[in-house]
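Hi,

Here's the structure I said I'd pass on. Have a look at it first, and then read on for what turned up.

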Amino acid sequence: MLFVEDLRLVKQDCTWTHVKFDDDSVADFFDEQVDLGRSPEQFARVWVHTHPGDCPLPSCTDEQTFDRVFGRTEWAVMAILSRQGPSYARLRFNAGPGGEIEIPITVDYSRPFEGSDRYAWEQEYGTNVLPEPPIRAANARRRRSAQPASTRLDDETENEFQDAWFDYLEDEENPKGFEF
């Protein structure tokens, strides 16, 4: 059993379909963890991210990112939480013959964990997860419209994702869209 006892966020700019991590924030996190005597196997092998709708399955971009960032590690996990509840996780291991297997996700509320402090979590989220500035989002839309039609989402699908992203950002009752 894999037990994740702490989740940490690094600074990142986000749209409803894209994320860009702040390189300095990632480097600072790695430095902090190494200074605490931890090896990357203890803090940099589980990639958890969210999807704005109800589908937790990895996108092509997710698969490419997982391959690029974790492709040479002995093991890694990609976990995806969708806004509307379902989740997905897959363990990949490169030791021995290598392979991968989908694994179940549960939240064990019987053990105390730092992430159970909702206020602290919302503070960390608000500090590190920044909606992409509108000018960059507009430039991204122009880049998408320049793509061949075969690689673009149709307008209805794109609007559905965009609506889910804005709902996610504006949800007053649950401002960060997480439900456990």
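To start with the whole chain: of its 180 residues, 28% are buried. Do keep in mind that this is a predicted model. The exposed surface of the chain comes to about 12400 Å², with carbon and sulfur atoms supplying 52% of it. As for contacts between residues at least 6 apart in sequence, 54% of them join residues at least 24 apart.

On to secondary structure. The chain has six helices and seven strands. If you trace the elements from the N terminus, you'll read β-β-α-α-β-α-β-β-β-α-β-α-α.

The part I'd point you to is an open sheet. Three strands make it up, in the order β2-β1-β7, and the pairing is mixed. Both β2 (19–21) and β7 (129–131) are edge strands with a single partner strand each, so one side of each has no neighbour in the sheet. On average, neighbouring strands here are turned by 25 degrees against each other, ignoring direction.

In general, strands of a sheet pair through backbone hydrogen bonds, in either a parallel or an antiparallel way. Strand β1, residues 12–14, pairs with β2 in the antiparallel sense, over three bridges. If you want a spot to zoom in on, try D13, whose bridge partner in β2 is K20.

And what lies across β1 and β7? That's helix α4, residues 118–128, which runs at about 50 degrees to β7.

Happy browsing!

Note on methods:
Residues are numbered from 1 along each chain as its sequence is written. This is a predicted model: local features need pLDDT of at least 70, side-chain atom pairs count only at pLDDT 80 or more; totals for chains, interfaces and linings use all residues. Side-chain values use heavy atoms; hydrogens and water are left out. Two strands pair if DSSP finds at least two bridges between them. Helices (H or I, at least four residues) and strands (E, at least two) are DSSP runs, numbered from the N terminus. Axes are lines fitted to C-alpha atoms, for helices over the stretch in contact, and angles run from 0 to 180 degrees between N-to-C directions. Contact means heavy atoms within 4.5 Å. Buried means under 20% relative accessible area, exposed over 50%, partly exposed in between (1.4 Å probe, protein chains only). Accessible areas come from the Shrake-Rupley method with a 1.4 Å probe; for residues, only the protein chains shown count as cover.
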